Each structure stands twice: as C-alpha cells, then as structure tokens.
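Work through the exercises below with the structure in view. Try each task before you read its solution.

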Amino acid sequence: MDKTQALNAFAALGQSTRIDVFRLLVQAGEEGMSAGDISDTLGVRQNTMSANLAILTRSGLISNKRQGRSIRYFADMDGMRGLLAFLMEDCCGGRPELCQPVINELACTY
C-alpha cells in the first residue's frame, strides 16, 4: 500500500458510521453481511448506508459479492493487512522485538 491508498483508507475510516461498519464486517468474518443487515444492526437508513459502503469499497477496506438480488459485504483482509503493514513498515528502527507487543495485540487469540 502506498501513502495515497493509506490516506484514502484513513479518510474512509474517519467517520463514525464507516468505522462501525468496518468493525462489524471484521466481526462477521467470511460470512459477511448484507447491506440491509448492516443498516439494521447499526440503525442507519439504507440510502445513507449505501453511500458509506461505497466509500469503504473504494478505499479497499471492504469488498462485495452479489448473491441473487442481494449484495453481501465483507471486510477486505488484504486491504486491512496492507494498511497495517504501511503503518508498521519501518517499525522500531530495526528492533522488531519492540513491535512484538503490537503484533500480539492484533493476533486472534480465540
């Protein structure tokens, strides 16, 4: 990920509803969620949700897949990895042991 892509991702996450959507989709995992379910869960009108989903999709942080008449949305784990890698690219001045606590915090432990 380059600086421009990272800035787009941060801009997408810099709004309350969009960060809630992203976190919800991360929790949903491989099943993803339909736009309607996302709207209902977060209590956001569907037209507003549609705009937010479009911004997150363009940022590379979520993806979608059509299933019949519905569209399911998923956290784009490659996009998230790219953003995290960009942030930690030159971590700790060549002392990777200093970054280990951050890596441990990010790892799923269940």
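**Exercise 1. Place Met-33: which strand holds it, and is it buried or exposed?**

Step 1. Met-33 lies in strand E1. Helices (H or I, at least four residues) and strands (E, at least two) are DSSP runs, numbered from the N terminus.

Step 2. The model is predicted: local features need pLDDT of at least 70, side-chain atom pairs count only at pLDDT 80 or more, and totals for chains, interfaces and linings use all residues. Residues are numbered from 1 along each chain as its sequence is written, and side-chain values use heavy atoms, with hydrogens and water left out.

Step 3. The relative accessible area of Met-33 is 12%. Buried means under 20%, exposed over 50%, partly exposed in between (1.4 Å probe, protein chains only). Therefore Met-33 is buried.

Step 4. Set aside neighbours within four places in sequence. Met-33 then has contacts (heavy atoms within 4.5 Å) that include Leu-24, Leu-25, Ala-28 and Ile-71.

Step 5. Met-33 and Arg-72 are 39 residues apart in sequence, yet 5.2 Å apart in space, C-alpha to C-alpha.

**Exercise 2. Build the sheet: what is the order of its three strands?**

Step 1. Start with E1 (residues 33–34). Two bridges join E1 to E3 (residues 70–75), and the two run antiparallel. Two strands pair if DSSP finds at least two bridges between them. Met-33 stands opposite Tyr-73 in E3.

Step 2. Add E2 (residues 62–67). Six bridges join E2 to E3, again antiparallel. Here Ile-62 faces Ala-75.

Step 3. Look at the turn. E2 and E3 form a hairpin with two residues between them, and Gly-68 in the turn has a positive phi of about 65 degrees.

Step 4. Read off the order: E1-E3-E2, an open sheet with antiparallel pairing. E1 and E2 are the edge strands, each pairing on one side only.

Step 5. Add a helix. H2 (residues 16–28) packs on the sheet and touches E1, E2 and E3; its direction makes about 90 degrees with that of E3. Axes are lines fitted to C-alpha atoms, for helices over the stretch in contact; angles run from 0 to 180 degrees between N-to-C directions.

**Exercise 3. Find the salt bridge: which residue pairs with Arg-81?**

Step 1. Apply the rule: a side-chain nitrogen of Lys or Arg within 4 Å of a carboxyl oxygen of Asp or Glu. The count is one.

Step 2. The partner is Asp-78, with the closest N and O atoms 2.5 Å apart.

Step 3. Both sit in helix H5 (residues 77–88), three residues apart, so about one helical turn separates them.

Step 4. Asp-78 is exposed, at 55% relative accessibility.
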